[in-house]
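I wanted to go through this structure from its overall layout down to single side chains, and I kept these entries as I went.

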Amino acid sequence: MRYSGTDSPILSYNEVPNSVRQKKPTDVALIEKPENAVKIGVSILISKFGEKYIMQQKPFTVVLVNNKVWKVSGNPCVLEKPSAIYIQAADGQILGIYSNK
């Protein structure tokens, strides 16, 4: 870090202030269990599309794709293209929501 003679620091382009928390790669996922992925995914789908529409798609399928992303989807026997939500396991970020409604 450089200083310009005043009390305020001047950061060069590639420096990060110490007050900014850096994400560190970790092997521990925020959402480790499929049960938790279903609870989170279904609650978001219900808030977006309504409880009646989502709950008619039971039982839900949950798959961990590439050991990184949870895919929670409705039963394809009920709807040809059931609702689905993709949740990043590491930090819980919602990557996509899909529905025919």
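Before looking up any residue by its helix, I noted that helices here are DSSP runs of H or I with at least four residues, numbered from the N terminus. With that settled, I looked up E35 and found this residue in helix α1. I kept in mind throughout that the model is a predicted one.

**Entry 1: overall layout.** I counted two helices and six strands in the protein, and reading along the sequence I wrote down the pattern β-β-α-α-β-β-β-β. Of the 101 residues, 22% are buried. I then took the accessible surface, which comes to about 7600 Å², with 53% of that area belonging to carbon and sulfur atoms. Among contacts with a separation of 6 or more, those between residues 24 or more positions apart account for 36%.

**Entry 2: the sheet.** I traced an open sheet of four strands in the order β3-β4-β5-β6, and the pairing is antiparallel. β3 (61-65) and β6 (94-98) stand at the edges with a single partner strand each, so one side of each has no neighbour in the sheet. I also looked up the turn between neighbouring strands of this sheet, which is 15 degrees on average when direction is ignored. Helix α1 (residues 34-49) packs on the sheet and touches β3, β4, β5 (84-88) and β6, while its direction makes about 130 degrees with that of β5.

**Entry 3: β3 against β4.** I followed the antiparallel pairing of β3 with strand β4 (residues 69-73), which runs over five bridges. For L64 I found W70 as the bridge partner in β4, and for V63 the bridge partner in β4 is K71. The hairpin of these two strands has three residues between them, and there N66 takes a positive phi near 55 degrees.

At S73, which lies in strand β4, I checked the exposure and recorded a relative accessible area of 12%, so S73 is buried. Setting aside neighbours within four places in sequence, I listed F60, T61, S83 and A84 as the contacts of S73.

**Entry 4: the nonpolar core.** Which residues have the most contacts inside the largest nonpolar core? I found that this core has 13 residues and that I54 and W70 are the ones with the most contacts inside it. At least two residues of this core come from each of α1, α2 (51-55), β4 and β5, and α1 gives the most, with four residues.

I then expanded the surroundings of W70, leaving aside neighbours within four places in sequence: the contacts include I31, E32, K33, P34 and A37, then V62, V63 and L64, and also I85, Y86, I87 and A89.

**Entry 5: two residues of helix α1.** I46 has its place in helix α1, and with a relative accessible area of 23% I put I46 down as partly exposed. Not counting residues up to four places away in sequence, I46 touches E51, I54 and M55.

Returning to E35, I recorded a relative accessibility of 48%, which counts as partly exposed. I also took the C-alpha to C-alpha distance between E35 and V62, which is 8.4 Å in space for two residues that are 27 residues apart in sequence.

**Entry 6: the aromatic pair.** How many aromatic pairs does a search of the whole structure find? My search found one. The ring centres of Y86 and Y98 are 5.8 Å apart and the planes stand at 80 degrees, so I classed the pair as edge-to-face, given that plane angles over 60 degrees count as such. Because Y86 lies in strand β5 and Y98 in strand β6, the pair ties together parts that are twelve residues apart in sequence.

Are these two rings' residues buried, exposed or in between? I recorded 26% relative accessibility for Y86, which counts as partly exposed, and a relative accessible area of 49% for Y98, which is partly exposed as well. The cut-off I relied on here is that buried means under 20% and exposed over 50%, with partly exposed in between.

Note on methods: Residues numbered from 1 in each chain as written. Predicted model: local features only at pLDDT ≥ 70, side-chain atom pairs only at ≥ 80, totals over all residues. Heavy atoms only, no water. Pairing = 2+ DSSP bridges. Axes fitted to C-alpha atoms, helices over the stretch in contact; angles between N-to-C directions. Contact = heavy atoms within 4.5 Å. Phe/Tyr/Trp six-rings, centres within 6.5 Å; stacked < 30°, edge-to-face > 60°. Buried < 20%, exposed > 50% of the residue type's maximum accessible area, 1.4 Å probe, protein only. Core = buried A, V, L, I, M, F, W, Y, C linked by side-chain atoms within 4.5 Å. Areas by Shrake-Rupley, 256 points an atom, 1.4 Å probe, with all protein chains shown as cover.
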